[in-house]
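Biologist: Could we go through this model together? I should like to begin with a surface residue and then turn to the interior.

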Amino acid sequence: MSNKKTAVAAAVALAVVAYGGTTWYTGQRAESGYKDAVAELRKVLGEKAVVTDEYHKGFLSSQAKLVLQWPAAGEADAPAAADAGAEAAPKPVRLVVDTTVRHGPLAGGRLAAAVSETRFALDGLDEKSRQTLAKAVAPTLTSVHHFTGGQDVRLLLPAGEMGDNEVTMRWQEMVLDTALGGGSVKGTWRWPEVALLGLPSRDKSMGVEEEEGEEEESDNDEAIAAQPAAAPVERTSIVLTGLESSFENKVIDGLWGLGPGKASVRIARFGMSSTPAEGGEAKTLLDLKNVDGSSVIESDKTTLGMTTQVKGTGRIGPIDFESVGYEEKIQRLDIEALRGFQRVMVEGYRKDGLAKALESLEEQGMGVLMQNAPRLVAALPAYSMKLQATYQGQTGHLEYGAEVQSAPTQEQVAQAGWMPALLKTSALQANASLPKAWLEPLIKASGKPDVSAEDVEGMLGMAQATGYARLEGDKLVSALKMQAGQVTLNGKPIALPMGALQ
């Protein structure tokens, strides 16, 4: 009996030691993984963006704190402002990231190497920003790290709202579940409802414009009060309900967000309406239902392509369509050229921040494009778009696209320049087919309610007489094509304007 008790005690002690050893080991792995992730973040954001990076490892769990900082508006001019005796620059906004890491093998009640729970908070907001976000709850991020190296990640945004007395964004709980591992990423996305309300349809004016060169500002309350009140404006509201999406893609090294795979999305309803400036009943601009979309990305060793299809039913303006949709294809995009564009964006962000990175990309975009032009063109890229709708039992469509059929030679580029040379080795096309019965309701919907059938017939006659369109049965059709430097409209050659091919 004593031997049995000794054996049981030894087994329990061994299990405790083994569990403790595993917990220590998984704690080490969790710390190493966290530090690797922060190191990658530093590479992207730059050293100046990381204010605090702390990791306190315990036996069963660890605590990590990361503080990221972005300069406030006008902070770059702070030295000059200080020299001029101006007010101190506003404090930068900081993102505080607090993470609790529970070590395996039983991490938070789950069999896993580690489970981390991350919470976010913003620090340094001004009073107006705090009021805007008063009813919003920060998202939480839960990651389950498996012994095999993969991980499951859940991003949860609780229901809330943000805004002021004019523009408000409201949403129900949003959940994004993602699984990463084995060189792939897959997941689901659910958002029952999100609404953006009260968007102004045009810029508001205070009614007083400063004279050119006038810099003096008045602090006189009476002068400010005497200014005309802002005129009421038309406001637009957008509501999306029942969003459900799934995706599964392989990861291409050095290329973010693009990889071979597939995705699908379903939206129960997507609506847009406008309220007149003077008040009254809202007018429906868009009301689509049962919108189904899918995309497929395919890739070989050097290029990738994407096909996207979207289809739904509903109302656009005053017209109820039985179906509306589109199919978009992007083919043979050079992967290394795409990496080049992303590198420019990341390097610009790391150096100057997001706003400057976007400016830099805009400024350098043509230069980067020209540097990669030979590679892009050699892959013979192509683009096409087909829009299609059914109304009153009849279907109409609009198609357009372009394709590089052969890469221009160096002699052609040297003689004419890249764009003229590329036009001579590419094909562009656009064609439309519109049921004749649609013309009157479409013209009326566009803002001419008094148009008559005789007016429509006159427009048809003019379009046919000038060669822009022709009637084929009960449909009005038109086709434009450019190939090998020649342009045709409905089969007849026309001159290319402005000597673009010269």
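**Surface and core**

Modeller: L387 counts as partly exposed because its relative accessibility is 35%, where partly exposed lies between buried, under 20% relative accessible area, and exposed, over 50% (1.4 Å probe, protein chains only). This is a predicted model, in which local features need pLDDT of at least 70 and side-chain atom pairs count only at pLDDT 80 or more, while totals for chains, interfaces and linings use all residues. Residues are numbered from 1 along each chain as its sequence is written, and side-chain values use heavy atoms, with hydrogens and water left out.

Biologist: Which strand is L387 in?

Modeller: L387 lies in strand β18; strands are DSSP runs of E with at least two residues, helices are runs of H or I with at least four, and both are numbered from the N terminus.

Biologist: Which residues make the nonpolar surface patch?

Modeller: Y326, Y383, L387, L398 and Y400 form that patch, of about 390 Å². Its members have over 30% relative accessible area and no salt bridge, and nonpolar side chains (Val, Leu, Ile, Met, Phe, Trp, Tyr) are joined within 5 Å. A salt bridge here is a side-chain nitrogen of Lys or Arg within 4 Å of a carboxyl oxygen of Asp or Glu. Areas come from the Shrake-Rupley method with a 1.4 Å probe, and for residues only the protein chains shown count as cover. β18 (382–391) and β19 (394–404) each give the patch at least two residues.

Biologist: Turning inward, how many residues does the largest nonpolar core have?

Modeller: The largest nonpolar core has 17 residues, and W191 and F321 have the most contacts inside it. Two or more of its residues come from each of β12 (184–200), β13 (235–250), β15 (283–299), β17 (319–334) and β18. Such a core is a set of buried Ala, Val, Leu, Ile, Met, Phe, Trp, Tyr and Cys residues joined through side-chain atoms within 4.5 Å.

Biologist: And T390, buried or exposed?

Modeller: T390 counts as buried because its relative accessibility is 15%. T390 is in strand β18. Beyond its neighbours within four places in sequence, T390 is in contact (heavy atoms within 4.5 Å) with F321, E322, S323, T395 and W438.

Biologist: Where is G150?

Modeller: G150 sits in the loop between β7 (140–145) and β8 (151–157). G150 and A179 are 29 residues apart in sequence, yet 7.5 Å apart in space, C-alpha to C-alpha.

Definitions and conventions. Patch = residues over 30% accessible without salt bridge, like charges linked within 9 Å, V, L, I, M, F, W, Y side chains within 5 Å.
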